Amino acid sequence: MKSKSLSSKLLQIGFTLVIGLISPLGIADNYPSKPIKAIVPFAAGSATDQIGRAFAAKMAESLGQPVVIENRPGANGMIGADLVAKSPADGYTLLFGTNSTNAALKSLVKNLPYNQDTAFTPIGYFGSVPLIVAINNDVPAKSLNGFVALAKADPGKITFAYASTSQRVSSEMLSSVAGIKMTGVSYKSGPNAMTDLIGGQVNMFTADFAVTLPQVQAGKIRGLAVTSLKRSPAIPELPTVNEALGIKGYELIAFFAAFGPAGMPKDAVIKLNKAINDAAKSKDLVERFSTMGFETQPGTPEALGQKIKLETVKWAKAIKEAGMEPE
């Protein structure tokens, strides 16, 4: 009896061990088996939100599970990024991040609540978009040179809005290269900043095409320049900042990508990366966002990881040259 009892217990232990070993593989094979939550660390209506929702819809088609967007704006994207950094690394909570959350914050915030270099798993790159330097229609300047002259005539009086790192750094960089002094006004979201630009509460706003281009085309604000090295096909009449000011080297491009918490299962990363790349190659998605100056760029998780390292160095340099100190 004792022998049978012992054998039974040994079989049970062995069975439990086998199940323990194969269960993760079974779970991996079945990923995703439930809806995936994608945190957008900026407000609804922002470029990150618009692009993120379009990618989420396409990813859901590939993955066979909904990819549900949840907006967690605030602190230049830090609030949403921190939430993902501290979530389980099971592939069901993602960050649709940007240059703000995954490259620049390290140089802008003294005590980030997470280690930007190690807190995330790179998954897939969505693409990039330049910004438009825009002013309120009542500002008496018809060109970027004219705007700079106004700012020089009354240092500190000109105000600029910002709701993200790229928006702030682009404006501070402009101040630095043009030799002017402006006063920054922080906003929780790009759409809120745009409302105040149109209303005249602030003088200038440098933001992505998704927020600025429709308002420029509608005549509600005045576009002065684009922040890329080349003019944008979406609005070719606008010069680059370099052209407008007769300088070289000014460039600031916002990018968008998907990340997970550190330590995600490799198979989940591969499946998500494929879904992102399929979305980035989708004709209707490309055509929809090309009018906003958005360019997709499919690639591997490893390529995204390398890009983030390079971008972190690039943004650190830009922030330092703009004279911005960590807060």
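Residues are classed as buried under 20% relative accessible area, exposed over 50% and partly exposed in between, with a 1.4 Å probe and protein chains only. The structure is a predicted model, in which local features need pLDDT of at least 70 and side-chain atom pairs count only at pLDDT 80 or more, while totals for chains, interfaces and linings use all residues. Residues are numbered from 1 along each chain as its sequence is written, and side-chain values use heavy atoms, with hydrogens and water left out.

The pLDDT, the predictor's confidence in each residue on a scale from 0 to 100, has a mean of 89 over the protein chain. A value of 70 or more is reached by 91% of the residues. Over residues 6-11 the pLDDT stays under 50, and the model has 0 contacts for them beyond four places in sequence, a contact being heavy atoms within 4.5 Å. Residues 13-27 also have pLDDT below 50, with 0 contacts in the model beyond near neighbours in sequence.

Helices (H or I, at least four residues) and strands (E, at least two) are DSSP runs, numbered from the N terminus. Two strands are taken to pair if DSSP finds at least two bridges between them. Strand β1 pairs with strand β2 (residues 67-71) in the parallel sense, over 5 bridges. In this pairing Ile-36 stands opposite Val-67 of β2. The chain passes from β1 through α2 to β2 in a right-handed β-α-β crossover; the term right-handed applies if, with the strands pointing away from the viewer, the path from the first strand over the helix to the second runs clockwise.

Strand β5 (residues 159-162) is covered on both faces, with Thr-159 and Ala-161 buried on one side and Phe-160 and Tyr-162 buried on the other. A parallel pairing over 4 bridges links β5 to strand β6 (residues 183-186), where Ala-161 stands opposite Val-185. The connection from β5 to β6 runs through helix α6 (residues 165-178), and this β-α-β crossover is right-handed. Strand β7 (residues 204-208) also runs parallel to β5, the two being joined by 2 bridges. Here Ala-161 stands opposite Phe-205.

Helix α3 (residues 78-85) is mostly covered, 6 of its 8 residues being buried. These are Met-78, Gly-80, Ala-81, Asp-82, Val-84 and Ala-85. They pack against β1 (36-40), β3 (93-98), α4 (99-108), β4 (120-136) and β9 (253-261).

A nonpolar core is defined as a set of buried Ala, Val, Leu, Ile, Met, Phe, Trp, Tyr and Cys residues joined through side-chain atoms within 4.5 Å. The largest such core has 106 residues, of which Phe-96, Leu-144 and Phe-147 touch the most other members. Strand β4 gives the most to this core, with 10 residues. Apart from neighbours within four places in sequence, Leu-144 is in contact with Val-133, Leu-174, Leu-224, Ala-225, Val-241, Ala-244 and Leu-245. In soluble globular proteins, nonpolar side chains tend to be buried together.

Leu-272 lies in helix α10 (residues 266-280) and is buried, at 0% relative accessibility. Beyond four places in sequence, the contacts of Leu-272 are with Tyr-31, Ile-36, Met-59, Leu-63, Gly-91, Leu-94, Ile-123 and Met-264. The C-alpha atom of Leu-272 is separated by 17 Å from that of Ser-87, 185 residues away along the chain.

Side chains of opposite charge can pair when their charged atoms come close. With a salt bridge defined as a side-chain nitrogen of Lys or Arg within 4 Å of a carboxyl oxygen of Asp or Glu, the count comes to 11. One of them joins Asp-49 to Arg-53, with the closest N and O atoms 2.9 Å apart. Both residues lie in helix α2 (residues 47-63), 4 residues apart, or about one turn of the helix. Asp-49 is buried, at 4% relative accessible area, whereas Arg-53 is partly exposed, at 40%. A salt bridge also forms between the side chains of Glu-70 and Arg-72, at 2.9 Å from N to O. Glu-70 is partly exposed, with a relative accessible area of 23%, and Arg-72 is partly exposed, with 34%. In the salt bridge of Lys-157 with Asp-154, the closest N and O atoms are 3.9 Å apart. Lys-157 counts as exposed, at 59% relative accessibility, and Asp-154 is partly exposed, with a relative accessible area of 36%.
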